[in-house]
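The exercises below are meant to be worked with the sequence and the coordinates open side by side. Try each task before reading the solution that follows it.

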Amino acid sequence: MSDAVAALQEVAAAPRMRARILVKSGTAGRSGAAYALAAPALILMLMMLLGPLAGVIALSLTDYQLGAPSFSWIGLSNYQEMFADRVFWISLKNTLAYVAIVVPGAVALGLGVALLIQSGAGLRSLYRTVYFLPVMATLIAMAIVWEFMLHPQFGLVNGLLRAAGLQGHSWLQDRGTALYSLCVIGIWQATGFNMVLFLAGLVSIPKHLYDAAEIDGAESAWSRFGLVTWPMLAPVTLFVVAISAIRSFQVFDTVQVLTKGGPSKSSEVLIYTMYTEGFEFFRSGYGAAVTVVFLAFVLSLTLLKSVLGRREVHYA
Amino acid sequence: MRALGRIHPWSAVRHVLLLAGALVMLIPFIWMLSTASKPQTEIFSSDLHLIPYHFALWDNLKIAFAKADLWRYLLNGLIVTILIFALQVLVALPAAYAFAKLRFLGRDVLFALVVFCILIPPQATAIPVFLLLHKLGVLDSYIALVLPFTISVFGIFLMRQFFKTVPDDLIDAARMDGISEFGIVWRVMLPTAIPAVTAFGIFSVVAHWNDYFWPLIVLNSEHLQTPPLAVAHFRNNEAGTNYGPLMAAAMVIIAPLVIAFLFAQRRFIEGITLTGIK
């Protein structure tokens, strides 16, 4: 009996072995094809991503200006100039303030909306669609709509304030409120995106954990949230915070079209500084130095996110 | 009575809160439609009303289309987004197949580079890529709009993950039939990957239809403008004077994607949240 099994196994193994040898010899012949298939992607990757990434760091060490016949290596002079420039510090401070406002706002609202939607059965997909709409709509077009809504004289916001007996305000023209107005637009746009990520996280929480919590005496919705939802959602939340922060660091569209960084630099942000230096004054070297600072922030956030992302997989 | 009894108090609170939030989300859209439908005199009045007394949407649209060649800009948007997506697929799919199913020297190192490139934010490479396009003499052209995005490292990563799940037997069978490795990518792998390619396509088209940063940098000519650039241009020319046609133009620019989204929301949400995995 056992002999028969052994014989059968041997018979079964023989073609498999032959197949393996075949595959091996095939593989050698196929590695040429593999390079050919991957080559266009790798060449473009070198040309459009890795090369320019090295290029931006190299450029930041030169005084190159677009159209100039030559350039020279000037070491860290661009950085020295940048760190001595008041505008750079204002720009960095504004960017950090924007991130510090939009991230908690859009994450908390995204989580709140996701929890509300998930807490009942009715109209789920309608709500999801409505809250997601701002993510879809071209931001530049909607920024222009917001600008009109914030119009000091004929805007909806001031109109409603006046109707309520309150004083209107020049939201985008006042240096005390310009950045905060842009934050509101940022939160309005990012909430739906975060909501969808949280909804995916909520759906993946196993139902039996809630049953177990209920047996253990967690009767109110609030205690079930504290006992099950929040701990299970913590990795997703960290992940969403990191993504929101990365996206907020990149704020540009609304600034460029609505405030141009003003009034008096009150809404100047890093990418806008990079844009004006690099593409309006064509000071490529200095613009590259600003980019490197931006890159340092975003890359560290991205690394944080991928570490968290890996842990999330582990939890799931 | 019984019907009332069935409504839980929480359910009512839930709907009230969600509807209030939904209204806030929708206000800019509602106000855009409302303003686009009002004649000039009603827009510049301190009397706040949602429904126009005189319905002027068609007039505003007519003015918008007369002042700006909106058809042309929509066509530019279509050309650019479709070209980008088609080239991304053409470049990424063979590479993804090689990384997923073929063995070659340096594969793991090269794939690690691909993953690293996903981390690079697009603004970071803008200045050197701009200088490169300047050297090549292709600034202010469709090439400048499309070329930098023909490589999607994220697309390679995504499709490679998907191809990993395709059984090897399928590929071996195709080889037995004498199909070349290149042929396998398009005749065997692509058909199995349609859902993943669709999700990636939505992600790509939405991102590039809405992109403002790159077209702003590389374009000068008005006739090449993509929709976001065109609407910003329209606003700069007409600022403070012509809000009706401006809102009508904004409406036209967002319409294609919003309508497509309303028809296939599940797919769109899936596609766009791919950035989450990034």
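## Exercise 1: a residue and its core

Task: find which residues A250(B) touches, not counting residues up to four places away in sequence.

Solution: A250(B) touches A141(A), I144(A) and V145(A), together with M32(B) and V231(B), where two residues are in contact if their C-beta atoms, placed from the backbone, lie within 7 Å. This is a predicted model, in which local features need pLDDT of at least 70 and side-chain atom pairs count only at pLDDT 80 or more, while totals for chains, interfaces and linings use all residues. Residues are numbered from 1 along each chain as its sequence is written, and chains are lettered from A and ligands numbered from 1 in the order in which they are written. As a next step, place the residue in its surroundings: A249(B) and A250(B) have the most contacts inside the largest nonpolar core, which has 171 residues. Such a core is a set of buried Ala, Val, Leu, Ile, Met, Phe, Trp, Tyr and Cys residues joined through C-beta atoms within 7 Å.

## Exercise 2: the contact between the chains

Task: state how many residues each chain gives to the contact, and describe the side of chain B.

Solution: The contact takes 71 residues from chain A and 76 residues from chain B. On the side of chain B that touches chain A, helix α2 (residues 9-36) of chain B gives the most, with 14 residues; helices here are DSSP runs (H or I, at least four residues), numbered from the N terminus. Sorted by class, that side of chain B has 60 nonpolar, 12 polar and four charged residues, with Ala, Val, Leu, Ile, Met, Phe, Trp, Tyr, Cys and Pro counted as nonpolar, Asp, Glu, Lys and Arg as charged, and the others, Gly among them, as polar.

## Exercise 3: helix α7 of chain A

Task: determine the span of helix α7 of chain A, where α7(A) bends, and how many of its residues are buried.

Solution: Helix α7 (residues 178-203) of chain A reaches 38 Å from its first C-alpha to its last, close to the 38 Å expected for its 26 residues, the expected span being 1.5 Å times one less than the number of residues. At A190(A), α7(A) bends by about 35°, an angle between axes fitted to the seven residues ending there and the seven starting there. Finally, 21 of the 26 residues of α7(A) are buried, so this helix is largely enclosed by the rest of the structure; buried means that 20 or more other C-beta atoms, placed from the backbone, lie within 10 Å of a residue's own.

Technical notes:
A residue is buried if 20 or more other C-beta atoms lie within 10 Å of its own, exposed if 12 or fewer, and partly exposed in between; C-beta atoms are placed from the backbone. Helices (H or I, at least four residues) and strands (E, at least two) are DSSP runs, numbered from the N terminus.
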